[in-house]
Amino acid sequence: MKRSDDSEREKRRKRRRLIQELGEQRIPYLSPADPGFQELWDSSYAGLALRQSSALPDGLHERVQSALITLQRRGCLLRDLVRVRDRDVFTAVSRALVGQPGYTYRYLDTRLFTIPWHCEGEEGQKDEKEKPCCDSDLRDDRLLEEKQEKEKKEEEEEDIQFNITIINYMDPSAMTQLKEEPYYGMGKMAVGWHHDEDLVPLSPVAVYSYSCPAEPKKEGERSNVLGTAYNIACWRVGLKVAWDIHTPGLALPLQSGDCYYMTADLNRTHQHCVLAGETARFSSTHRVVQCCTGTLDYIKKRCSEALENLHTDPEKNTKSLKSLLPSALQRIEDIHNEVFEWLRQYWFQGRRYARFCSWWTKPMEQMEKDWKEMERMTQLLLDVVEDENTAQENRREMADVLLNALTDRQQHRQTWRDRYVCQSSLAQTLPAEEAPADRPYWSNEDPDMPLPFDLSEIINRVESLLWRGKVSRNKMTLWGCMTSLTGVICVPLPFTWRIV
Ligand SMILES: O=C(O)CCC(=O)C(=O)O
Ligand SMILES: [Fe+2]
């Protein structure tokens, strides 16, 4: 958290410096009609590739486009509440994450959970009831994904499989406040400048762009009529070299059905934005997400690892911790914090997942149960640390581990509560099932919960234990020095640390 805060601050500083340097001026950017466009593309944007709509097989467009429309009609595409520069905002585009079952994708402090796409040979797929309602539609999307994957493989001879796609939708006529692109004057942005986050290094990003046909204009409305066709401003992707105000930017128009690719390390060295056209538009943005810490399998393994340290005596029906080694305790308390974050992320997005896809419901219920057991484990650790009769040699170290974990936990809880409270006003515009849920949250008197939500009182207790430990140690050292100096006791004092 600290490191990401620092890098955020650093970025803000850099951005301010660039804006100052730029003053009132705008940096030039080139579009296809401008001289030098292709040269600029070749020299400064070589990782960008375009595959025009006509180069894709017949039949594909229709299937993919109808799949996208179905997702939208079924209400699967929703605006995310993300965190940008310490503020919570709605994304201008509505989105859905579709991909490998159990995968998640993190961006702007938000973890999205996949609507699973169909996987060949998957157990659950045989059970019709378990399938997400839009699964059959997603298969079309997967065809596209397979195709793009095959093409990319041929091009790059790399064994890369896209594991997720973020599907975006926006109808500019329904948006009143789109931001102007600030550095180049490229026009209204649907998605601001960014690098795609959370990808494996060098992951290509393959984007299918579908602009819906324009509604015919009504009598009397101003339009550029060319015979029966309209000259409609089209959607574009904007590219710029990151932290550079000298290289001109590039604006690439996208006709409906075009694909563009960001290959090699373009996503790292450059930023991109999406410039709104006049009609509604979908995009399906395929990528290879880091999956080491972002899958359900991963977090389930972490839960099991933590719970292994909990021993239940079946006769007495009591629980205890198996290992009190500080390194083991540290790992478990870290897992506890990590699981809490998954739960809050999930519930912050309300019940939207359950509405059209039941895939995550059971796993999240289980995760909440596991996390409750971890609350019990923290309570058991606190008992050991506070028990004066169990003279544990590493009691101070245990208290240290506990204090660090509780301090982090308290801070996370505060951050999530703030996000929730601050959202409440924004969220009032949402249907109940999409509004953020304040979960897990409980009152301090909840008999089901071993420890309170607000940890400040416990943190004070553990802090004062450590503090008293220090005082007692200093007193003993002082006493040892005095007595050996006066010669009353001439042997070194046996010294053991004890928290009293
Ligand atoms: O819609 C596009 O063309 C790209 C969207 C994008 O940059 C994103 O979803 O990360
Ligand atoms: Fe992007």
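Which residues surround ligand 1? In this predicted model, the residues around ligand 1 are Arg95, Asn168, His194, Asp196, Val207, Tyr260, His272, Val274, Arg281, Ser283, Thr285 and Arg287. I would like to start from that shell, go on to the metal, and then move outwards to a few other places in the chain.

If we ask which secondary-structure elements supply the shell, those that give two or more residues to it are E17 and strand E18, residues 281–287, and it is E18 that provides the largest share, with four residues. As for polar approaches to the ligand, a side-chain N or O atom of Asp196 is 3.1 Å from an oxygen atom of ligand 1, a polar side-chain atom of His272 lies 3.1 Å from a ligand oxygen, and for Arg287, too, a polar side-chain atom is found 3.1 Å from an oxygen of ligand 1. The ligand taken alone exposes 290 Å², and of that area the protein buries 96%.

Let me turn to the iron ion, which is ligand 2. Its protein donors are His194 through NE2, Asp196 through OD and His272 through NE2, at 2.1 to 2.2 Å from the ion, and along the sequence these donor residues follow the spacing H-x1-D-x75-H. Because His194 belongs to strand E10, residues 188–194, and His272 to strand E17, residues 270–275, the pair ties together parts of the chain that are 78 residues apart in sequence. Are these two histidines buried or exposed? His194 is partly exposed, at a relative accessible area of 22%, whereas His272 counts as buried, at 4%.

Following the chain on from E10, we come to the loop between E10 and strand E11, residues 205–211, where Asp198 is located. Asp198 is not a glycine, and yet its phi is positive, at about 65°; the residue is partly exposed, with a relative accessible area of 28%. Another aspartate to look at is Asp109, in the loop between strand E5, residues 104–107, and strand E6, residues 110–113. Here phi is near 60°, again a positive value in a residue other than glycine, and at 40% relative accessibility Asp109 is likewise partly exposed.

Next, the strand pairing around E15, residues 249–253: four of its five residues are buried, so this strand is largely enclosed by the rest of the structure. Strand E1, residues 29–30, runs parallel to E15 and is joined to it by two bridges, with Tyr29 standing opposite Gly249. Strand E14, residues 236–241, runs antiparallel to E15 and is joined to it by four bridges, and here Gly238 has Ala251 as its bridge partner.

Finally, the helical part. Thr378 lies in helix H9, residues 361–386, and is buried, at a relative accessible area of 1%. Leaving aside residues up to four places away in sequence, Thr378 touches Glu333, His336, Leu402, Leu406, Arg409 and Leu451, and with Arg409 there is a side-chain to side-chain polar contact of 3.3 Å. In the loop between helix H10, residues 395–427, and helix H11, residues 456–486, we find Pro440, which is joined to Arg439 by a cis peptide bond, with omega about 0°.

Key:
Residues are numbered from 1 along each chain as its sequence is written. Chains are lettered from A and ligands numbered from 1 in the order in which they are written. This is a predicted model: local features need pLDDT of at least 70, side-chain atom pairs count only at pLDDT 80 or more; totals for chains, interfaces and linings use all residues. Side-chain values use heavy atoms; hydrogens and water are left out. Donors are N, O and S atoms within 2.8 Å of the metal (3.2 Å for Na, K and Ca); water is not among the atoms, so sites may look incomplete. Buried means under 20% relative accessible area, exposed over 50%, partly exposed in between (1.4 Å probe, protein chains only). Two strands pair if DSSP finds at least two bridges between them. A polar contact is a pair of N or O atoms within 3.5 Å; within protein, one must be able to donate a hydrogen and the other to accept it, and residues adjacent in sequence count only if both atoms are side-chain atoms. Contact means heavy atoms within 4.5 Å. A residue is near a molecule or strand if one of its heavy atoms lies within 4 Å of it. Accessible areas come from the Shrake-Rupley method with a 1.4 Å probe; for residues, only the protein chains shown count as cover.
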